[in-house]
Amino acid sequence: MKRWLIILLIVGLGFAFYGYRMIFSSNVKTPDGKDTEIFIPTGADYLTVANKLQEGKLLSDIRAFHMVSRMMNYTHTVKPGRYVLKDGMSSRELITKLRSGDQSPVKFTFVKFRTKDQLAEHVGNKLEMDKEEFLAVLNDKDFLKKHNGLNPETAMTIFIPNTYEMWWTVKPKDFFKRMFSEYKKFWNEERNAKRQKLKLNRLEVMALASIVEEETNKNDEKAKVAGVYLNRIRNGMPLQADPTVKYAVGDFTLRRILNKHLQVDSPYNTYLYPGIPPAPICTPSIPSIEAVLEGERHSYFYFCANIDGSGYHKFSESLTEHNAYARQYHQMLNQRGIR
């Protein structure tokens with residue numbers, strides 16, 4: 001009798017040791033031992049998660065994962081999100097993270113976009129949300145009106161290119177609210193004081209900054225370009241900004257603005273309509289916004305691309321001087337066959 005008790009004890013200890021190992025031993029193996037992310041979409045079930053882990057070769061023992069998942073009731077408590085797995089995690093540690101929804105934020109970065117469609121496509125590629133669902137938010141008049149009176153035309157004003165941390169599973173309206181919150185933070189007391197000194201509202205600053213953004217990618221020249229447009233505004237002159245014509249035409253690949261383009265009837269065509277366009281023509285970078293707020297004080301009213309290919313511009317006080325630079329530039333375009 002004692003012999004059977006000893007055998008049973010040994011067997012019991014064996015099972016206990018095996019169970020202990022299944023629960024607490026290392027079961028996650030990541031490529032090169034580096035932290036690895038997995039994305040669990042909304043609506044995914046337990047088998048989807050298990051298959052993702054197995055297909056990614058992230059588990060040493062799939063049986064241990066299944067056993068501990070049942071023990072911890074994870075099979076019915078799957079939560080979506082982006083999860084970062086560390087090499088050497090036990091099944092218990094892994095399932096605790098997944099079951100509790102302990103997801104990690106993604107770093108969402110965007111730069112310049114010219115249309116809502118471009119912006120929505122980028123958001124749809126980087127986050128879980130559907131592009132069309134986000135576009136619907138950008139066109140929702142009632143929702144936008146609650147945010148400083150925005151409308152579908154001005155909705156993109158709040159998107160300031162930068163890197164932000166947020167949940168991969170963020171919903172379209174929550175994403176918009178987050179970006180609106182970042183926009184309000186950006187417009188701090190100091191920046192508001194600068195724009196008030198220029199007698200411009202935030203929408204006007206963003207619209208001007210979007211033109212500067214399109215005119216030059218040289219940050220050290222942006223304040224000078226902004227100064228030209230601010231001089232034109234102060235003197236009641238039309239902006240006559242070529243990038244607004246491209247926007248009005250709807251062809252951002254144009255390398256040469258022709259007379260026919262200048263006749264396109266659009267409130268964004270600053271050759272036909274005086275003043276600042278009704279909304280930004282792109283999402284301007286922070287250096288472009290700062291360039292407007294700190295526009296260089298000078299006596300230039302014109303500028304033309306330099307023919308040296310440097311990306312910089314020639315600035316002029318008089319139309320006569322500007323026309324001379326423009327002729328040189330057009331000759332260069334002709335020589336290159338750009339019609």
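A residue is counted as exposed when its relative accessible area is over 50%. In the predicted model described here, V111 has a relative accessible area of 56% and is therefore exposed. V111 is located in the loop that runs between strand 3 (106-110) and helix 5 (116-126). When residues up to four places away in sequence are not counted, V111 touches P161 and T283. The C-alpha atoms of V111 and E128 are 19 Å apart in space, for a separation of 17 residues in sequence.

Two further loop residues combine exposure with a positive phi. Most residues other than glycine have a negative phi. K57, in the loop between helix 2 and helix 3, has a phi near 55 degrees, a positive value in a residue other than glycine. With a relative accessible area of 63%, K57 exceeds the 50% cut-off and so is classed as exposed. K199 likewise is not a glycine, yet its phi is positive, at about 60 degrees. The position of K199 is in the loop between helix 9 (189-197) and helix 10 (202-215), and its relative accessible area of 75% places K199 in the exposed class.

The loop that holds K57 joins two helices that also pack against each other. Helix 2 (residues 46-55) and helix 3 have axes 11 Å apart, at an angle of about 155 degrees. Because angles over 145 degrees count as roughly antiparallel, helix 2 and helix 3 are assigned to that class. Their crossing is right-handed. On the side of helix 2, the contact is made by Y46, A50, L53 and Q54, which meet I62, F65, H66 and S69 of helix 3. By residue type, this contact comprises 5 nonpolar and 3 polar residues, with no charged residue.

Helix 3 (residues 62-71) packs also with helix 4 (residues 91-100), at an angle of about 55 degrees and with the axes 9 Å apart. Helix 3 is therefore oblique to helix 4. The crossing of helix 3 and helix 4 is right-handed. Here A64, F65, V68 and S69 of helix 3 meet S91, R92, L94 and I95 of helix 4. The residues of this contact divide into 5 nonpolar, 2 polar and 1 charged.

F65 and S69 are listed in the contact of helix 3 with helix 2 and again in the contact of helix 3 with helix 4. S69, a residue of helix 3, has a relative accessible area of 0% and is accordingly buried. With neighbours within four places in sequence left aside, S69 is in contact with Y46, Y74, T75 and I95. Of these partners, Y46 belongs to the helix 2 side of the first contact, and I95 belongs to the helix 4 side of the second.

A third helix pair is formed by helix 10 and helix 12 (residues 242-249), whose axes come within 8 Å and cross at roughly 100 degrees. Since angles of 65 to 115 degrees count as roughly perpendicular, helix 10 is described in that way with respect to helix 12. I211, E214 and E215 of helix 10 meet D242, P243 and T244 of helix 12. The contact of helix 10 with helix 12 contains 2 nonpolar, 1 polar and 3 charged residues.

S288, in helix 14 (residues 286-293), has a relative accessibility of 0% and thus counts as buried. Beyond residues up to four places away in sequence, S288 touches A209, V212, E213 and K222.

Attention now turns to the nonpolar interior. In soluble globular proteins, nonpolar side chains tend to be buried together. The largest nonpolar core of the model has 56 residues, among which L127, F134, F159, M166, F175, F176 and I289 touch the most other members. For F176, the contacts outside its neighbours within four places in sequence are V137, L138, F143, L144, H147, L150, A155, I158 and F159. A second core, separate from the largest, has 21 residues, including V49, M89, L94 and L98. L94 of this second core also takes part in the contact of helix 3 with helix 4.

Key:
Residues are numbered from 1 along each chain as its sequence is written. This is a predicted model: local features need pLDDT of at least 70, side-chain atom pairs count only at pLDDT 80 or more; totals for chains, interfaces and linings use all residues. Side-chain values use heavy atoms; hydrogens and water are left out. Axes are lines fitted to C-alpha atoms, for helices over the stretch in contact, and angles run from 0 to 180 degrees between N-to-C directions. Helices (H or I, at least four residues) and strands (E, at least two) are DSSP runs, numbered from the N terminus. Angles under 35 degrees count as roughly parallel, over 145 as roughly antiparallel, 65 to 115 as roughly perpendicular and the rest as oblique. A crossing is left-handed if the near helix is turned anticlockwise from the far one by less than a right angle, and right-handed if clockwise. Contact means heavy atoms within 4.5 Å. Ala, Val, Leu, Ile, Met, Phe, Trp, Tyr, Cys and Pro count as nonpolar, Asp, Glu, Lys and Arg as charged, and the others, Gly among them, as polar. Buried means under 20% relative accessible area, exposed over 50%, partly exposed in between (1.4 Å probe, protein chains only). A nonpolar core is a set of buried Ala, Val, Leu, Ile, Met, Phe, Trp, Tyr and Cys residues joined through side-chain atoms within 4.5 Å.
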